[in-house]
Amino acid sequence: MTTNEPLLTPLNGYVGFDTLTKQFEAKMLRRGFQFNLMVVGQTGLGKSTMVNTLFSSDMLASRGRDDPSDPVPQTTTINSSSHVIVENNVKLRLNIIDTPGYGDLMNNEHCWEPIVKYIKDQYSIYLRKELTAVRDRHIPDTRVHAVLFFINPSGHSLRPIDIQVLKKLGDITNVIPVIAKADSMTIPERDSFKKRIRASLQTNNIRVYPFDHDDYNDDEREANSVVQALLPFAIVGASNIYEVDGRLIRGRQTGAGLINIEDKSMCEFTHLRDYLLRSNLHDLIDTTAYTYYESFRSKQLLALKESSAKQQAQAQAAAAAQQQYSASHAQYA
Ligand SMILES: Nc1nc2c(ncn2[C@@H]2O[C@H](COP(=O)(O)OP(=O)(O)O)[C@@H](O)[C@H]2O)c(=O)[nH]1
Ligand SMILES: [Mg+2]
């Protein structure tokens with residue numbers, strides 16, 4: 001007999017499977033987590049600084065200039081760097097993928113191609129490993145789990161090139177748009193810029209993270225809609241520590257004074273950090289595996305099936321033609 005009602009184990013009949021979460025936790029702690037974060041945007045928007053700010057460390061060299069007449073140093077190739085960070089026994093293996101400033105050139109046609117190719121290549125590598133006869137117990141995961149997309153704080157709207165790139169990226173990975181260097185805007189300017197960007201994302205049908213899917217329950221949907229109304233996060237990056245009223249804060253000294261980047265009334269850095277690392281890290285990894293990679297995988301496998309069916313049909317046709325040819329020649333032999 002099967003019933004949908006859960007059976008409670010009687011008090012005197014403790015079985016012990018309620019320790020499953022602990023067993024799982026112990027295993028996951030031992031194994032650690034892998035998170036791959038990509039940053040995309042024009043050179044000089046503060047991508048490297050933001051990565052360092054997010055993880056409170058010096059992972060990427062920020063290439064600011066000492067003198068305004070110096071040329072702007074650029075990242076010219078896609079660079080992946082690995083780091084291991086540990087917090088309260090939880091080990092996080094972090095891959096930061098720094099991309100060349102796209103859209104820096106006069107002719108930006110196809111400037112997104114290397115970025116899109118990199119993301120798809122990682123899916124491809126994973127799929128190949130998954131399909132080998134003797135596959136690794138744990139396939140190393142290099143799939144990009146999230147892209148931080150840096151928007152120029154121009155105060156106008158998204159550039160056509162941004163729209164194009166966002167569209168391409170939103171189709172294949174989790175994209176979190178952020179307004180870079182938000183300290184260059186006043187709060188009202190920032191808020192109307194955010195509104196325009198949200199409208200532009202919607203009219204152009206661009207999928208950014210979070211988006212609703214069947215796996216979410218009502219609470220998660222509710223939490224997502226709160227974040228959707230906040231996007232894009234207007235952030236300020238800073239690696240310097242200042243002492244204010246006896247407290248150490250991370251801040252950026254600007255002409256208008258010191259910005260405490262952890263103060264929510266000044267910028268949305270903490271919203272981004274909490275969202276990315278404290279509440280949604282696991283969901284980003286999950287969405288990559290079960291939405292984006294899954295769709296890549298099924299497309300690839302279908303294409304493979306179709307091409308092998310085609311090959312088979314061609315081979316059958318060739319064999320039939322050969323047979324017919326041999327039969328007709330046999331008549332005259
Ligand atoms: N005003 C302001 N400057 C920033 C901010 N973040 C970074 N910078 C400065 O912008 C310059 C370029 O930063 P970098 O992180 O190297 O940019 P990337 O080329 O996008 O990686 C550096 O001089 C940084 O100090 C920010 O939020 N506000
Ligand atoms: Mg950089």
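Me: What makes a stretch of this predicted model count as a helix or a strand, and how many of each are there in the protein?

Reply: Helices are DSSP runs of H or I with at least four residues, and strands are DSSP runs of E with at least two, numbered from the N terminus. Counted in this way, the protein has eight helices and nine strands.

Me: What makes the sheet with the order 2-3-1-4-5-6 open, and which strands are its edges?

Reply: Six strands make up this open sheet, and its pairing is mixed. The edges are strand 2 (79-87) and strand 6 (233-234), each of which pairs on one side only.

Me: How do you know that the pairing in this sheet is mixed?

Reply: Two strands pair if DSSP finds at least two bridges between them, and the directions can then be read pair by pair. Strand 2 and strand 3 run antiparallel and are joined by nine bridges, one of which links Asn-79 to its partner Asp-98 in strand 3. Strand 1 (residues 33-40) runs parallel to strand 4, with four bridges between them, and Val-39 has Leu-148 as its bridge partner in strand 4. Strand 1 is also parallel to strand 3 (residues 90-98), through seven bridges, and here the partner of Met-38 is Ile-97. Strand 4 and strand 5 (residues 175-179) are again parallel, with five bridges, among them those of Phe-150 with Val-178 and of Ile-151 with Ile-179. With antiparallel strands 2 and 3 beside parallel strands 1 and 4, the sheet has mixed pairing.

Me: What lies between strand 2 and strand 3 in their hairpin?

Reply: Two residues separate the strands of this hairpin, and Asn-88 in the turn has a positive phi of about 45 degrees.

Me: Why is strand 4 called largely enclosed by the rest of the structure?

Reply: A residue is buried if 20 or more other C-beta atoms lie within 10 Å of its own. Six of the six residues of strand 4 (residues 146-151) are buried, and therefore the strand is largely enclosed by the rest of the structure. Ala-146, Leu-148 and Phe-150 point one way, Val-147, Phe-149 and Ile-151 point the other way, and all are buried. In a regular strand the side chains alternate between the two faces of the sheet.

Me: What makes strand 4, helix 4 and strand 5 a right-handed unit?

Reply: A crossover is right-handed if, with the strands pointing away from the viewer, the path from the first strand over the helix to the second runs clockwise. Strand 4, helix 4 (residues 160-172) and strand 5 make a right-handed β-α-β unit.

Me: Which residues have the most contacts inside the largest nonpolar core, and what share comes from strand 4?

Reply: This core has 54 residues, and those with the most contacts inside it are Val-147, Phe-149, Ile-176, Val-178 and Ile-235. Strand 4 provides the largest share, six residues. Leaving aside neighbours within four places in sequence, the contacts of Phe-149 include Val-40, Leu-166, Leu-169, Ile-176 and Val-178.

Me: Why is Val-208 called buried, and where is its place in the chain?

Reply: Val-208 has 20 other C-beta atoms within 10 Å, so it is buried, since the definition asks for 20 or more. Its place is in the loop between helix 5 (187-203) and helix 6 (218-230). Not counting residues up to four places away in sequence, Val-208 touches Gly-170, Val-175, Ile-176, Pro-177, Leu-201 and Leu-231. Val-208 and Val-178 are 30 residues apart in sequence and 11 Å apart in space, C-alpha to C-alpha.

Me: What is the pairing in the sheet with the order 7-8-9?

Reply: Three strands form this open sheet, and their pairing is antiparallel. Its edge strands are strand 7 (240-244) and strand 9 (257-260), each pairing on one side only, and neighbouring strands are turned by 60 degrees against each other on average, direction ignored. Strand 7 is joined to strand 8 (residues 247-254) by five bridges, and Asn-240 has Gly-251 as its partner in strand 8.

Me: How does the radius of gyration of the protein stand against that of a compact globule of 333 residues?

Reply: The globule would have a radius of gyration near 20 Å, but the protein has 26 Å. Along its principal axes the C-alpha trace spans about 105 × 75 × 35 Å, and buried residues make up 27% of the 333 residues.

Definitions and conventions:
Residues numbered from 1 in each chain as written. Chains lettered and ligands numbered in written order. Predicted model: local features only at pLDDT ≥ 70, side-chain atom pairs only at ≥ 80, totals over all residues. Buried ≥ 20, exposed ≤ 12 C-beta atoms within 10 Å, placed from the backbone. Core = buried A, V, L, I, M, F, W, Y, C linked by C-beta atoms within 7 Å. Contact = placed C-beta atoms within 7 Å. Rg over C-alpha atoms; globule rule 2.2 N^0.38 Å. Axes fitted to C-alpha atoms, helices over the stretch in contact; angles between N-to-C directions.
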